[in-house]
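The following report describes a two-chain model in terms of its folds, its strand pairing and the contact between its chains. The sequence and structure come first.

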Amino acid sequence: MSRWLPLVVCALAVWGSACGSDLGPPRQRPAPAVDGRPALRVPGQRSPRIASYAITAKYDATAHRLEATQTLTWKNTGGSAVSDLPFHLYLNGFKNEASLFMTSSHGAHRGEVARDGSWGWIDVASIKLGGAELRTRATFQGPDETVLSVPLPAPVEPGASVELTMTFTSQLPEVFARTGYKGAFTMVGQWFPKIGVRLGAPGFERWHCPPFHLHTEFFADFGTYDVTLTVPDTHVVAATGVLTEAKDNGDRTRTLRYRAEDVHDFAWMIDPYMQMMSGQADVAGGPVEVRVYYRPRQVDFAKRHLAAGIGAIETFSKLFVPYPWSIMTVIDPPPDAGGAAGMEYPTLVTTGGDSVLMRPGIRVPELVTIHEIGHNWFQGLLASNEFEEAWMDEGVNEYADGVVMAALYGEKQSAIDWMGWKAEAFRVKRAATGALGGLPSPIATAAYAFPDFDTYAAVTYEKTARTLRTLENVVGRDRFAAAMRSYAETWQFKHPTGADFMASLSAGVGEDLSWFFGPALYGTGAVDYAIRTAACRAQHAPRGVFGEGTSRRTVGSDQSPDTGSWVCELVIVNRGTTPVPVDIELRFADGTHDRVHWDARDGARWHRFEMARSSQIVEVSIDPDGEVLLADHVLDDRLRLSPDKHASWRATARMTWWTQSLMQVVGL
Amino acid sequence: MSVLKPTRLSALARAGLRGVSEYTGMVLAVFVVQLIAAWCAGLVYLQVLATAFGDRPMFDDGVDGDLTSLLVVVTERREVFGALVWVMLGAVAMWMVWSWFLTGGVLAVFTERPRGRRETARAFGAGGASTFLVYGRLGLISILLHLPVLIVLGFGLGYLGDQLEHAMTIGEMIGPLVIALAPAALLHVLVSTVIDYARAELTLRRPTHESLGAVRVTIRAVGFMFRRPVALVHVLVYWLVFVTLSVVFVWLGHGHAMLGTGGALAVFAIREAQALVRSALKLAVLAGQVELTATRPPPPRTIATVESKK
């Protein structure tokens, strides 16, 4: 035995490492076939196309560096002249520990940590306008080098355009926050100088181009992208848009040209080991090809992502507006590149959740894919401002994900259907996240103004989703769905604000929803129902002393016996700050049920119900159908008036067996 | 150097079977004591749960398998479950101490082989009482010896966490799982076997070696492990059977709700039958260990001289 033990351990170690990432040296791959289809399924201009880019870049896979030139055509669609152009240089957020991104993140992002020494940066060497060099006049704005402002020699008048040619070098970091490399895998996002957005009333526009912060994502104008990439011929590339040209250069490199239309970003992935599987989503107006790129050992998860991706494209298209582009690309990053996972770009997303623990039926990988694809509606098409109103994309999308998952997998098991356990997405997330009332920031908070990431995530994603699900149940699912569809149709390819969203929904449901949106979006509270009083007393005619003088008579229980009926009193309170109408179910001792309704829209904090019944109340359930997802402390929402120990006995029997098993482990 | 008689695993198993079948009453009595101890904790659980959740129907749903309700109950009443965990740990710690007496009694019975219920009870009680304090010292030594086990386990779990993060399939999980847990498990088996044999020798040799102490028997037991690896294999097999039985039981029991009082009683009976089997197995292992210890040469005796007493 002792002789064999080291051998067994060594064998297991070798087996473990063999299961790892030993994929061999990259091998030359044949040039990919061009897509042969337009970027938009139905060709034609869909957006104002304010900022359009033509980029030529060469990628050095060893140094993880890009040498590139871009020509930006920017159109002044506002009512005032523009004398300077600000550019986001997002990669400079990874340049040093003094950047706003690094100081706000302390070098960590969603559990991933920056590797010391692996800095990312972007160096703009030249900015030319009609042959004039503007780089020397350009200055960094703000606390770091993530915003570069370029003064123009002459203002761009309303309706006019300007064309700038910029030469730049982009050094990618080791990925811990969306963009960068890990081993041979590289996700290239936010890699080129990206112009800001003019916001404001006509004639009073101002640039919106804030520095890169931990909590903020991205916000840009729509346009076209014509991107030419020269890469090693051993690598697979997946990118936003469609591949229009592919040629081998004879020097172990390959040049690929992509075109994307009516999008506001361009991202791409490069990796020597990725494989691709694809399927077709049936969408009104023509099919959408869904592609999943994956490493070989992730093939089982790739199949799940593909199925979820097809389902997401079809369902989001039905619920809101049809997906307008020809291809949806889903990248499944290798497990050690978790920093790149779970990110959205137009027509291309990265997914995640691949783990041995995510058995089929535990729908975390599916949820990630659906969420990221959902962003192609909530921010891709409805391009809200992710800096100022992150809830507009993350939160609204989180709500939509729950609806889509229910449509795809059935409501009761939309999140989990595994080994007999079933869970619905909204409710299981509420159960896991817990109470949200009392968090320090309201939903309507700029992303950079949250005190910490946990608050940002809980409020922006979870509380917004619960808020919308609650409202959906209050106004009715069909009405709400129609209002959401109307919002999407009205605001696609535009920049809707929170006010636009609220106005659109109010108009869509035909009711002023400010009674709800006010406290729900601008307050820090939530809904917190509780049963204050629930009691019944025997009903009988009034007893006591009646009349005076000679006519005074005393009525006792003999003269006024109990009728056999009961007068029941129920007081429901809302300890939260958001008023939401709610049903209350009463169960009576004779086995009958009854429902009462509290329409709390007037803002009342409590309500009293009185009713005469032939039987006493034995159980009260506030929100018996679980429709008020914004409610906290839901354990208190169901109350049995006479305690019952049956379930406690069952739980005790189980726990006692575990105790006994532990006793047998440590003792006799 | 003394020559030990070869004793095979099958002989230890037979000795265990013989011991358990010969002293069935003792096996049952020990099990009943264990059951009572567990249910003492159980009654605390019941009281706490009934007080906290007796009027909360959502708790009923959670107990009956509704995952979301269960999560709500646990997240909204963390303090209740925290308290229950401490009750459980306290009960287990108490049992560990109580086991010093019970193990001493069981080993004494297997050593003396008394006849009749009265004699068995006498041997059990006397054995348990006479070795209780020295078993307590062995318990402290056991805790010290388990410190390296915990350290190795900590490293293993750290390694496992890293590996599981990137594992995609069950196949990819098994290797790291074994690498991470096997060293600590083997070390635990080694330590617990050493302590088991130290106890067996204390019980077996006390009548003739009054001065035999906990440290000395532990050192002798360590040496014995290297000379007789069958002792380790014996305990290893026991643990494999124990874990397999438990896992299979949990697996089969998953998703089967108790239906009414009859169902609850049936589940209780099945659970306890399984626990009884595990308990009997443990006693069978002790019987085998007594058998093997009997083949060991006794430790040298220290003769106290008149001069040294002066």
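## Domains and overall layout

The C-alpha centres of domain 1 and domain 2 of chain A are 63 Å apart. Domain 1 covers residues 48-264 of chain A, and domain 2 covers residues 529-648. The model is a predicted one.

Chain A holds 11 helices and 36 strands. Chain B also has its secondary structure counted: 11 helices and 0 strands. Read from the N terminus, the elements of chain B are therefore α-α-α-α-α-α-α-α-α-α-α, by the run-based assignment of helices and strands.

The table sets out the overall values for each chain.

| Property | Chain A | Chain B |
|---|---|---|
| Span of the C-alpha trace along its principal axes | about 115 × 85 × 50 Å | about 75 × 50 × 40 Å |
| Buried residues | 48% of 668 residues | 36% of 310 residues |
| Contacts joining residues at least 24 apart, among those between residues at least 6 apart in sequence | 70% | 77% |

## Strand pairing in chain A

Strand S16 of chain A, residues 223-232, pairs with two strands described here, S1(A) and S19(A). With strand S1 (residues 51-60), S16(A) pairs in the parallel sense, and 6 bridges connect them. Within that pairing, A:Ala57 stands opposite A:Leu229 of S16(A). With strand S19 (residues 253-263), S16(A) runs antiparallel, and 10 bridges join these two strands. One of the bridge pairs puts A:Gly223 with A:Val263, the latter in S19(A).

A separate paragraph is due to an open sheet of 4 strands in chain A, ordered S33-S32-S35-S36 with antiparallel pairing. Strand S33 (593-598) and S36 of chain A stand at the edges of the sheet; each has a single partner strand, so one side of each is left without a neighbour in the sheet. From one strand to the next, the twist averages 20°. At the S36 edge, strand S35 (residues 617-622) of chain A and S36(A) are joined by 3 bridges in the antiparallel sense. The bridge partner of A:Glu619 there is A:Arg640, in S36(A).

## The contact between the chains

Between the two chains, 56 residues of chain A are in contact with 64 residues of chain B. On the side of chain A that touches chain B, the elements giving two or more residues are helix H1 (4-18), S27, H6, strand S36 (638-640) and helix H11 (646-666) of chain A. H11(A) supplies the largest share of that side, 17 residues. By class, the side of chain A that touches chain B consists of 30 nonpolar, 14 polar and 12 charged residues. S36(A) thus appears twice in this account: as an edge strand of the open sheet, and among the elements that touch chain B.

A helix of chain B gives a local view of packing across the chains. In helix H4 (residues 67-76) of chain B, the buried residues are B:Leu67, B:Thr68, B:Ser69, B:Leu71, B:Val72 and B:Val73. What do the buried residues of H4(B) pack against? In chain A, they pack against strand S26 (416-418), strand S27 (421-423) and helix H6 (425-433). In chain B, their partners are helix H2 (24-53) and helix H3 (57-63). Of these elements, S27 and H6 of chain A are also listed among those giving two or more residues to the side that touches chain B.

## Two individual residues

A:Arg297 is placed in the loop between strand S22 (288-294) and helix H3 (299-319) of chain A. Is A:Arg297 buried or exposed? A:Arg297 counts as buried, because 20 C-beta neighbours lie inside 10 Å, and 20 or more is the cut-off for a buried residue. From A:Arg297 to A:Val231 the C-alpha to C-alpha distance is 24 Å, with their positions 66 residues apart in sequence.

In chain B, B:Glu165 lies in helix H6 (residues 117-166). B:Glu165 has 14 other C-beta atoms within 10 Å and so is partly exposed, as the count falls between the limit of 12 for exposed and that of 20 for buried. B:Glu165 and B:Gly213 are 48 residues apart along the chain, and their C-alpha atoms are separated by 48 Å.

Definitions and conventions
Residues are numbered from 1 along each chain as its sequence is written. Chains are lettered from A and ligands numbered from 1 in the order in which they are written. This is a predicted model: local features need pLDDT of at least 70, side-chain atom pairs count only at pLDDT 80 or more; totals for chains, interfaces and linings use all residues. Two residues are in contact if their C-beta atoms, placed from the backbone, lie within 7 Å. Domain bounds come from an automatic or database domain assignment. Ala, Val, Leu, Ile, Met, Phe, Trp, Tyr, Cys and Pro count as nonpolar, Asp, Glu, Lys and Arg as charged, and the others, Gly among them, as polar. Two strands pair if DSSP finds at least two bridges between them. Axes are lines fitted to C-alpha atoms, for helices over the stretch in contact, and angles run from 0 to 180 degrees between N-to-C directions.
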